Amino acid sequence: MARGNFHKMHGLGNDFIIIDTRTSPVEMTTARARALADRKTGIGCDQLILLEPSDMATVRMRIFNQDGSEVESCGNATRCVVSLLGQDATIETDGGKIDGAYHEDRITLQMPPPRFDWQDIPLAFAMDSAAMPMAWDELANPMAVNVGNPHAVFFVDDKDAIDLLHLGPQIEHDAAFPERVNVNVASVRDGALFLRVWERGVGETRACGTGACATAVAAIRQGKVASPVTVNQAGGSLTIGWEPGGLIEMTGGATYVFMGEVDWDDFG
Ligand SMILES: N[C@@H](CCC[C@H](N)C(=O)O)C(=O)O
């Protein structure tokens with residue numbers, strides 16, 4: 001028997017299983033992450049988060065998508081982790097170190113500066129990442145940006161008119177993105193952003209924190225909005241601030257749902 005505890009939390013409806021392995025050790029594999037994340041046969045979540053000891057930060061955070069793939073960054077989960085810790089904290093991720101300021105009703109994160117070089121996204125070959133010379137039906141010329149993880153950002157008149165269920169997986173798996181990509185479709189209205197995200201390794205989610213960062217950076221860089229900007233998604237809003245050359249500041253909520261206990265051996 002290998003019993004352990006987990007926390008269920010969400011940030012704007014983007015939901016997580018968070019396991020603090022410092023008190024609840026577990027051996028994580030792709031198969032086990034996928035089994036735990038499965039909404040029909042497991043516990044269910046968009047991302048599975050492991051907290052581990054860190055020698056350079058308060059805690060190290062590992063991130064597994066619903067499909068079991070391990071990835072570099074997750075903005076909404078980082079706010080949840082700072083909220084769970086209940087104090088200002090520095091979080092080590094594969095996408096960079098993130099400082100979090102704790103307030104009971106909101107968390108502010110300093111996310112790493114965005115990267116735009118094609119090798120850093122990464123893209124498969126040299127091309128203009130500010131307006132990629134590519135199109136998938138009505139989605140054309142995205143800006144590619146890495147904010148710890150890779151994103152493609154499309155600006156459209158009406159985000160709700162886009163068939164993201166069809167185009168999201170096509171773009172996610174396009175050979176132009178050797179590590180796949182998160183797909184952001186945004187409209188600009190009254191100085192604010194309205195966003196839908198097809199997340200790599202998950203599908204369309206109710207909100208994506210790094211997607212909000214990537215989209216805000218792309219919109220500020222193109223002069224479509226001013227910083228800070230409100231980014232509205234199905235699950236709620238985030239405030240994102242960014243000045244060229246600087247860190248990305250994200251402010252938003254984090255919600256605790258429940259604590260559960262399971263036998264890890266029942267999952268993979
Ligand atoms: N939900 C997240 C992003 C999670 C990782 C992403 N799907 C990827 O594969 O890079 C967020 O809030 O940022």
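Start by selecting P228, which sits in the loop between α4 and β16 (229–233). Keep in mind that you are looking at a predicted model. Now add S227 to the selection: the peptide bond from S227 to P228 is cis, with omega near -5°.

For a second example, move to the loop between β8 (106–111) and β9 (135–136), where you will find P122. Here I121 and P122 are joined by a cis peptide bond, and omega is about -5°. These stops are worth a look because most peptide bonds are trans, and most residues other than glycine have a negative phi.

**Two residues with positive phi**

That brings us to phi. Select L12, in the loop between β1 (3–11) and β2 (14–20). L12 is not a glycine, and its phi is positive, near 60°. Is L12 buried or exposed? Count 26 other C-beta atoms within 10 Å of L12; 20 or more are needed, so L12 is buried.

Next, jump to N141, in the loop between β10 (139–140) and β11 (143–146). N141 also has a positive phi, about 50°, although it is not a glycine. The surroundings of N141 hold 13 other C-beta atoms within 10 Å, so N141 is partly exposed.

**Zoom out to the whole chain**

Show the cartoon for everything. You should see four helices and 19 strands. The radius of gyration is 18 Å, close to the 18 Å that the globule rule gives for 268 residues, so the protein is as compact as a globular protein of that length. Along the principal axes, the C-alpha atoms fill a box of roughly 55 × 35 × 30 Å. Of the 268 residues, 46% are buried. If you take contacts between residues at least 6 apart in sequence, 63% of them join residues at least 24 apart.

**Colour the two domains**

Give one colour to domain 1 (3–111 + 253–266) and another to domain 2 (135–246). Their centres, taken over C-alpha atoms, are separated by 22 Å. Where they meet, the contact takes 21 residues from domain 1 and 19 residues from domain 2. Which element gives the largest share of the side of domain 1 that touches domain 2? Select α2, which supplies three residues there. By class, this side of domain 1 has four nonpolar, 13 polar and four charged residues.

**Step into the ligand shell**

Now select the 17 residues around the ligand; N76, N149, R200, G209 and T210 come nearest. With your domain colours still on, notice that domain 1 and domain 2 each give at least three residues to this shell. Helices α2 (75–85) and α4 (209–221) each supply at least two. Colour by class and you will find four nonpolar, ten polar and three charged residues.

To compare with a record, highlight the positions that an unreviewed UniProt entry lists for "binding site": N14, Q47, N65, G75, N76, N149, N182, E199, R200, G209 and T210. Two of these make good stops.

- **N14** lies in strand β2. It has 29 C-beta neighbours inside 10 Å, so N14 counts as buried. Beyond its close sequence neighbours, N14 touches D46, N76, T205, R206, A207, C208 and G235.
- **N76** belongs to helix α2. There are 34 other C-beta atoms within 10 Å of N76, so this residue is buried too. Leaving aside residues within four places in sequence, N76 is in contact with G11, L12, N14, A207, C208 and G209. That list includes L12, from the earlier stop.

**Finish at the two cysteines**

For the last view, select C74 and C208, which the unreviewed UniProt entry annotates as "active site". They are spread over 135 residues of sequence yet cluster in space, with a largest C-alpha distance of 7.8 Å.

Centre on C74, in the loop between β5 (70–71) and α2. C74 counts as buried, with 28 C-beta neighbours inside 10 Å. Setting aside neighbours within four places in sequence, its contacts are Q47, I63, G209 and T210.

Then swing over to C208, in the loop between β15 (203–205) and α4. C208 is buried as well, with 34 C-beta neighbours inside 10 Å. Which residues does C208 touch, not counting those up to four places away in sequence? Select N14, N76, N182, V197 and E199 to see them.

How values were computed
Residues are numbered from 1 along each chain as its sequence is written. This is a predicted model: local features need pLDDT of at least 70, side-chain atom pairs count only at pLDDT 80 or more; totals for chains, interfaces and linings use all residues. A residue is near a molecule or strand if its C-beta atom, placed from the backbone, lies within 6 Å of it. Ala, Val, Leu, Ile, Met, Phe, Trp, Tyr, Cys and Pro count as nonpolar, Asp, Glu, Lys and Arg as charged, and the others, Gly among them, as polar. Domain bounds come from an automatic or database domain assignment. Two residues are in contact if their C-beta atoms, placed from the backbone, lie within 7 Å. A residue is buried if 20 or more other C-beta atoms lie within 10 Å of its own, exposed if 12 or fewer, and partly exposed in between; C-beta atoms are placed from the backbone. The radius of gyration is taken over C-alpha atoms; the globule rule is 2.2 Å times the number of residues to the power 0.38. UniProt positions are given in the numbering used here, feature names are shortened, and annotations may be inferred rather than shown by experiment.
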